[in-house]
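Okay, thanks for making room for me today. I'd like to walk you through one model, so have a look at the screen.

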Amino acid sequence: GPLALARELLAEDGEPFFVLNSDVICEFPFAALARFHRHHGGEGSIAVTRVEEPAKYGVVVSEPDTGRICRFVEKPRVFVSNKINAGLYIFSPGILRRIQVGVGAGGGRVGPWLRHPLSPAPCPRQLRPTSIEKEIFPAMAQEGQLYAMELQGFWMDIGQPKDFLTGMCMYLQSLRAQHPDRLHSGPGIVGNVLVDPSAKIGANCIIGPNVTIGAGVVVEDGVRIKRCTVLKGARIRSHSWLESCIVGWSCSVGQWVRMENVTVLGEDVIVNDELYLNGANVLPHKSIAESVPEPRIIM
């Protein structure tokens, strides 16, 4: 659906374009995927990654030599492949002909129409949202127009907070292996830590392993942070202790606070001094005035 609505922009120069799922992390091999796509000449290319338990996923079955996708199998009971869709694609503009934007009685756009590959025009009775993975990809595979390139290195679905933190750790380890100069070092830094140059870290802090600190963040004296993401503009006040947390934009964490067990603070959350948050999921613009000893959502 969204691809069809943006078709004028995507087809403007006739060049292939990338499409990404927003909840995955990997090394994003854009140049390699673009070369692969141009080499095979098909309409679409998707990145795939190997998994240990393919029965939990929909798998991609492709030719080993060319990468041409033969079919998709949802949660196979017998082994047919251990490769799954990694959520990273490149398409030629021709794919846009497979999804049409309908025109309502008043002349306005009313949504995507699915065009059958053998049909010369879209059918008004098929006016509905279109899933590219479930409807377009199988048709492309049947026509021999869809190819798979296997990802190298790490990959993670980061749609859940605990998985986001795992993906962050994998990304930092990848930086350690390939670009160690991008990681922070110095007194109080332990393991893989990424710090924006504009962030300020006070005295006697211990940061890491596996921490990312965003732009404009202020970490006051004596703070301990490990396995956390602290986003832009947040402030962690003195002597607080954070493990396995996501601290949202412009949050303020008070003094002598302890947060752990995948505590997530939405944007602009204030945590008062001397509180304990255990697995709290706090929606944006809230002020926390008492401890949260058991995991729960605070709305």
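I'll start with confidence, then go through the strands, and end with the pocket.

First off, this is a predicted model. The chain averages a pLDDT of 91, and 90% of the residues score at least 70. There are some weak stretches, though. Over residues 103–110 the pLDDT is below 50, and beyond near neighbours in sequence this stretch has 11 contacts in the model. Then there's 112–120, where the pLDDT also stays under 50. For that one, the model has 35 contacts beyond four places in sequence.

Right, on to the strands. What order do the six strands of the open sheet come in? Reading across, you get 12-15-17-19-22-25, and the pairing is parallel. Strand 12, at 200–201, and strand 25, at 287–288, stand at the edges with a single partner strand each, so one side of each is left without a neighbour in the sheet. Inside that order, take strand 15, residues 218–219, and strand 17, residues 235–236: they run parallel and two bridges join them. If you want a pair to click on, valine 219 has isoleucine 236 in strand 17 as its bridge partner.

Now strand 16, residues 224–230, which I'd like to spend a moment on. Is it mostly covered or mostly exposed? Covered: five of its seven residues are buried. As for its partners, strand 13, residues 206–207, pairs with strand 16 in the parallel sense over two bridges, and there isoleucine 207 stands opposite isoleucine 225. Strand 14, residues 211–213, runs parallel to strand 16 too, joined by three bridges. In that pairing, valine 211 has cysteine 228 as its bridge partner. And then strand 18, residues 241–247, is joined to strand 16 by six bridges, again parallel. Find arginine 224 and you'll see tryptophan 241 in strand 18 as its bridge partner. A quick reminder while we're here: strands of a sheet pair through backbone hydrogen bonds, either parallel or antiparallel.

Let's move back towards the N terminus, to strand 9, residues 146–150. This one is mostly covered as well, with four of its five residues buried. Strand 9 runs parallel to strand 3, and five bridges join them; serine 45 stands opposite tyrosine 147 in strand 9.

Next, helix 4, residues 132–142. The buried residues there include Ile132, Ile136 and Phe137, along with Ala139, Met140 and Ala141. Just after helix 4, glycine 144 takes a positive phi of about 75 degrees.

And that leads to the pocket, since strand 3 and helix 4 both turn up in its lining. The largest pocket has a volume of about 760 Å³. It's lined by 29 residues, and those closest to its centre are Tyr57, Gly58, Val59, Ile84 and Asn85. Which elements supply at least two residues each to that lining? Besides strand 3 (44–50) and helix 4, there's strand 4 (58–62), strand 5 (69–74), strand 6 (83–91) and strand 10 (155–157). Strand 6 gives the most, with five residues. By type, the lining divides into 13 nonpolar, six polar and 10 charged residues.

That's everything from me, so let's rotate it together and talk.

Notes: Residues are numbered from 1 along each chain as its sequence is written. This is a predicted model: local features need pLDDT of at least 70, side-chain atom pairs count only at pLDDT 80 or more; totals for chains, interfaces and linings use all residues. Side-chain values use heavy atoms; hydrogens and water are left out. Two strands pair if DSSP finds at least two bridges between them. On a 1 Å grid over the protein atoms alone, a cavity is a set of points where a 1.4 Å probe fits but cannot get out, and a pocket is an open set with protein on both sides within 12 Å along at least five of seven lines; lining residues have an atom within 4 Å of a point. Grid points are joined across faces, edges and corners, and a volume is the space filled by probe spheres set on the points. Ala, Val, Leu, Ile, Met, Phe, Trp, Tyr, Cys and Pro count as nonpolar, Asp, Glu, Lys and Arg as charged, and the others, Gly among them, as polar. pLDDT is the predictor's confidence in each residue, from 0 to 100. Contact means heavy atoms within 4.5 Å. Buried means under 20% relative accessible area, exposed over 50%, partly exposed in between (1.4 Å probe, protein chains only).
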